[in-house]
Amino acid sequence: MTQAQAAAPRPLLARIADGALLLAAASLVILVVVELWQVFARYVLNDSPSWTEPVAVLCMNAAMMLGAAVGVHAQKHFGFYIGVDAAPPGLRKIMLATSRAVQLGVGLMLVAWGLRMSIDTWDVPLAGVALPQGVTYVPLWVGGALIAVFALDLLWRA
């Protein structure tokens, strides 16, 4: 990378993907710390905290969904690249467009159902921690929205 490339401003979606990746990594670190505390408290202190499981699930959901969105943005998500690479250029373009359209559809579905589950369970207290149960579904619809935006961008640029 040249010095001019390094100094050039990054596109908005690339910065959003970087932020999502940073949040996913932070979620994994928090998940590890929470699980270490749970094991220590259970086996050393003989006093297992009730909040560790819901916090770990929230961190896992955030890492999973944000990581999946970043994978879509980087075009490193699941795919049958051997078939795509072996296809003739015209068919390859159709295959990539179809793949991105499916990613867009899945992202929109995750937004719709994740929002619905989050709203429907927002008034239900989460067992073991002072949070609403709906918070566990926030990463689902936020990640779905990012997947949809990134897939739409890739579809548009194709």
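How many helices and how many strands are there in the chain? I looked this up first, keeping in mind that the model is predicted. I found six helices and zero strands. Reading along the sequence, I noted the pattern α-α-α-α-α-α.

**Overall shape.** I turned next to the dimensions. The C-alpha trace spans about 65 × 40 × 30 Å along its principal axes. I looked up the radius of gyration too: the chain has 19 Å, whereas a compact globule of 158 residues would have a value near 15 Å.

**Contacts and burial.** Here I checked how the chain meets itself. Among contacts with a separation of 6 or more, 65% come from residues 24 or more positions apart. Of the 158 residues, 32% count as buried.

**Surface and charge.** I have the accessible surface down as about 10,300 Å², with 72% of that area belonging to carbon and sulfur atoms. My tally of charged side chains reads 9 positive and 8 negative, and the centres of these two sets lie 17 Å apart.

**Helix α2.** I then spent a while on this one, which covers residues 12–43 and has 32 residues. From first C-alpha to last, α2 reaches 47 Å, close to the 46 Å expected at 1.5 Å a residue.

Which residues in α2 are buried? I listed Ala14, Ala17, Ala20, Ala24 and Ala41, together with Ser27, Leu31, Val34 and Gln38. I also wanted to know what the buried residues of α2 pack against. Their partners are α3 (52–73) and α6 (138–157).

Note on methods. Residues are numbered from 1 along each chain as its sequence is written. This is a predicted model: local features need pLDDT of at least 70, side-chain atom pairs count only at pLDDT 80 or more; totals for chains, interfaces and linings use all residues. Side-chain values use heavy atoms; hydrogens and water are left out. Helices (H or I, at least four residues) and strands (E, at least two) are DSSP runs, numbered from the N terminus. The radius of gyration is taken over C-alpha atoms; the globule rule is 2.2 Å times the number of residues to the power 0.38. Buried means under 20% relative accessible area, exposed over 50%, partly exposed in between (1.4 Å probe, protein chains only). Contact means heavy atoms within 4.5 Å. Accessible areas come from the Shrake-Rupley method with a 1.4 Å probe; for residues, only the protein chains shown count as cover. Lys and Arg count as positive and Asp and Glu as negative; His and the chain ends are not counted. The place of a charge is taken as NZ of Lys, CZ of Arg, CG of Asp or CD of Glu. The expected span of a helix is 1.5 Å times one less than its number of residues.
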